[in-house]
Amino acid sequence: MGRSSCYANFKTHNERPLTVRYRKASLSAPVKNDLRIEFTERGLSSYAGLELLIRYFRSIGLNSLFRRHFLGISLPGDYGTVAMIRVVLGLLIVGGWRLRHLDFLRGDFLFERFCGLTGLPSLRTLSRWLGHFTSTSITRLHAINADVVARLIESLSLRTLTIDVDGSVISTGLSVERAFRGFNPHHRKVPSYYPITAYVAETGQILRVKNRSGNVHDGKSSLAFLRDLFRQIDETGQRRYRLNFRMDGAFFLRPVIRLIASRGAGYCIKVPFWRRLDLTSIIKARRRWKRLPSGMGCFEIALPIHKWGMTLRVVIYRKRVRHRSPKNYQLDLFDPDDGYYEYSAIATNLNWAPRRIWTFMTGRGEHEKVIGILKSQLAFDTVPSHRYGANSAWQQFVAIAHNLLVNFQIETGASRRNRTEKRTCRFLLKSPQSLRFEIFNRAGRLVRPNGTPILRLSQNERHRTLFNRLAETPKAA
């Protein structure tokens with residue numbers, strides 16, 4: 001009896017758990033016949049959780065934000081600009097990867113309700129609408145994203161914003177406008193885009209994104225992006241925060257360093273081992289290294305760069321490894337009998353100890369992780385059109401969708417994390433894929449008992465608790 005039974009917990013009238021035994025045979029439900037499939041009328045939805053987003057967007061006045069920024073901008077089409085923006089955002093949020101995936105959402109009443117439409121536009125209509133985006137209308141998307149980010153930052157008690165800046169490669173087709181061969185390590189002969197993103201480490205938001213051709217240099221072409229970024233920070237009232245930047249070696253350029261320093265911001269930038277810097281000779285001459293945790297060592301120098309007319313504080317690190325370094329400049333530094341080391345150098349204007357600087361720079365990995373999530377779960381690496389303007393607008397929509405999901409989680413009670421020296425996100429955030437599984441992609445049915453519309457979902461205690469909590473939080477916000 002005991003071996004062929006299992007246990008289930010119930011609560012009695014006095015709220016004490018009561019264990020009830022069931023036979024294993026009573027738990028199985030053999031499938032012997034195929035179910036008959038029918039396609040019925042409206043009233044069914046595979047995305048019942050979108051109702052929570054609808055309520056949240058209404059509480060923050062998202063439609064008004066769209067109208068305000070697109071005032072005076074006319075995008076041709078029978079559908080309104082607000083509705084079309086919500087169509088693209090909704091497509092990304094529920095997991096659409098291509099424009100043609102919109103056809104699979106037709107007839108879903110809750111998705112149409114999310115878009116504020118009685119019927120979805122055709123694929124051709126959506127494609128043409130995206131094709132009408134120009135630099136002027138894309139600037140309006142930048143402004144929308146900036147306001148979405150600023151709204152959350154202003155509600156948090158932050159004193160410092162850590163901004164990570166980095167580029168990413170998106171492979172394109174051969175006939176895509178302004179796509180060229182360049183830095184694409186996995187597909188060197190494939191034309192690509194090379195968008196650059198700025199990421200706020202404390203909140204997990206994409207502060208700004210700009211599309212670029214694939215043949216640009218990450219550092220040299222970043223000056224205009226950084227100027228626009230500082231202008232955005234000034235316009236959205238974030239100038240009062242202390243700003244700290246983290247960048248890789250491609251941004252180790254005199255104009256970049258001077259621009260950041262002129263704005264009173266801190267920076268930590270990886271230093272490339274250029275021959276003219278002669279870091280290898282400095283390392284070879286070094287005899288004493290300061291010990292750090294995890295078997296690392298370091299020392300710091302004042303590095304004069306005469307060509308730039310600057311002297312920078314540079315901290316040089318080494319880590320002992322069991323393999324030869326793949327970087328040729330490091331193979332000749334020490335005799336193999338002394339072991340193998342990997343070296344890195346960081347230039348900074350922050351008055352921090354070397355250990356804290358190293359820990360701070362390792363937090364850049366969170367930005368790379370978010371870029372990977374944008375590509376794998378929010379279609380950031382999708383190229384929906386042959387037109388540069390449409391593809392650039394698509395990247396802006398991805399950033400807005402990501403930030404709205406971040407804001408939704410934080411403002412509806414996401415758990416806080418302890419502050420660390422890595423300066424990573426202060427909240428426990430779920431990925432878009434987890435949000436779809438747990439919240440958005442839930443089956444529901446619209447019923448009207450006594451004429452009152454009600455959204456009914458399947459009985460599940462975990463979802464009941466989660467939905468009730470999320471449904472009440474936007475009202476309080």
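Is Asp234 buried, exposed or partly exposed? Keep that one in mind while you get your bearings; the tour comes back to it shortly. One thing to know before you click: this is a predicted model.

**The whole chain**

Start zoomed out, with the cartoon on. You're looking at 15 helices and 16 strands. Along the principal axes, the C-alpha atoms fill a box of roughly 85 × 70 × 45 Å. Color by accessibility if your viewer does that: of the 477 residues, 50% count as buried. A search for salt bridges across the whole structure turns up 16, and a few of them make good stops.

**Stop 1: Arg239 and Asp234**

Select Arg239 and Asp234 and show their side chains. They meet in a salt bridge, with an N to O distance of 3.8 Å. That still makes the cut because the limit is 4 Å. Now for the opening question: Asp234 has a relative accessible area of 30%, so it is partly exposed. Its partner Arg239 comes out as exposed, at 60%.

Elsewhere, salt bridges with shared partners tie Glu51, Arg55 and Arg113 into one network. Select those three next.

**Stop 2: Glu51 and its network**

Center on Glu51, which you'll find in helix 1, residues 50–59. The relative accessible area of Glu51 is 11%, so this residue is buried. Turn on polar contacts and look for the one between the side chains of Glu51 and Arg113, at 2.8 Å. As a general point, oppositely charged side chains can pair when their charged atoms come close.

**Stop 3: Arg212 and Asp218**

Move on to Arg212 and Asp218. This is another salt bridge, and the closest N and O atoms sit 3.0 Å apart. Are the two partners buried or exposed? Arg212 has 5% relative accessibility and counts as buried. Asp218 is buried as well, with a relative accessible area of 5%. Both values fall below the cut-off, since buried means under 20%.

**Stop 4: Leu229**

Select helix 7, residues 222–235, and pick out Leu229 within it. Leu229 shows 0% relative accessibility, so it counts as buried. Add Ala198 to the selection and draw a C-alpha to C-alpha distance: you should get 8.2 Å for two residues that are 31 apart along the chain.

**Stop 5: Asp147 and Arg68**

Next, show Asp147 and Arg68. Their salt bridge has its closest N and O atoms 3.5 Å apart. What makes this pair fun to look at is that it links distant parts of the chain: Asp147 belongs to helix 6 (residues 135–155) and Arg68 to helix 2 (residues 62–69), with their positions 79 residues apart in sequence. How accessible is Asp147? At 25% relative accessibility, Asp147 counts as partly exposed.

**Stop 6: helix 6 against helix 13**

Stay with helix 6 and add helix 13, residues 388–411. The axes of these two helices come within 10 Å and cross at roughly 15°. Angles under 35 degrees count as roughly parallel, which is why helix 6 and helix 13 are described that way. Rotate until one helix is in front of the other and check the handedness: the crossing is left-handed. The contact between helix 6 and helix 13 has 13 nonpolar, seven polar and two charged residues.

**Stop 7: two residues with a positive phi**

Walk back from helix 13 into the loop that joins helix 12 (365–377) to it, and select Ala379. Ala379 isn't a glycine, yet it has a positive phi of about 60°. At a relative accessible area of 0%, Ala379 is buried.

Now jump to Asn450, in the loop between strand 15 (444–447) and strand 16 (454–457). Asn450 is another non-glycine with a positive phi of about 60°. Where Ala379 is buried, Asn450 is exposed, with a relative accessible area of 83%.

**Last stop: Ile454**

Carry on from that loop into strand 16 and select Ile454. With a relative accessible area of 33%, Ile454 is partly exposed. Finish with one more distance, this time to Gly107: the two C-alpha atoms are 18 Å apart, while the residues are 347 apart along the chain.

Note on methods. Residues numbered from 1 in each chain as written. Predicted model: local features only at pLDDT ≥ 70, side-chain atom pairs only at ≥ 80, totals over all residues. Heavy atoms only, no water. Helix = DSSP H or I, 4+ residues; strand = E, 2+ residues; numbered from the N terminus. Buried < 20%, exposed > 50% of the residue type's maximum accessible area, 1.4 Å probe, protein only. Axes fitted to C-alpha atoms, helices over the stretch in contact; angles between N-to-C directions. Parallel < 35°, antiparallel > 145°, perpendicular 65-115°, else oblique. Left-handed = near helix turned anticlockwise from the far one by under 90°. Nonpolar A, V, L, I, M, F, W, Y, C, P; charged D, E, K, R; others polar. Polar contact = N/O pair within 3.5 Å; in protein donor to acceptor, adjacent residues only side chain to side chain.
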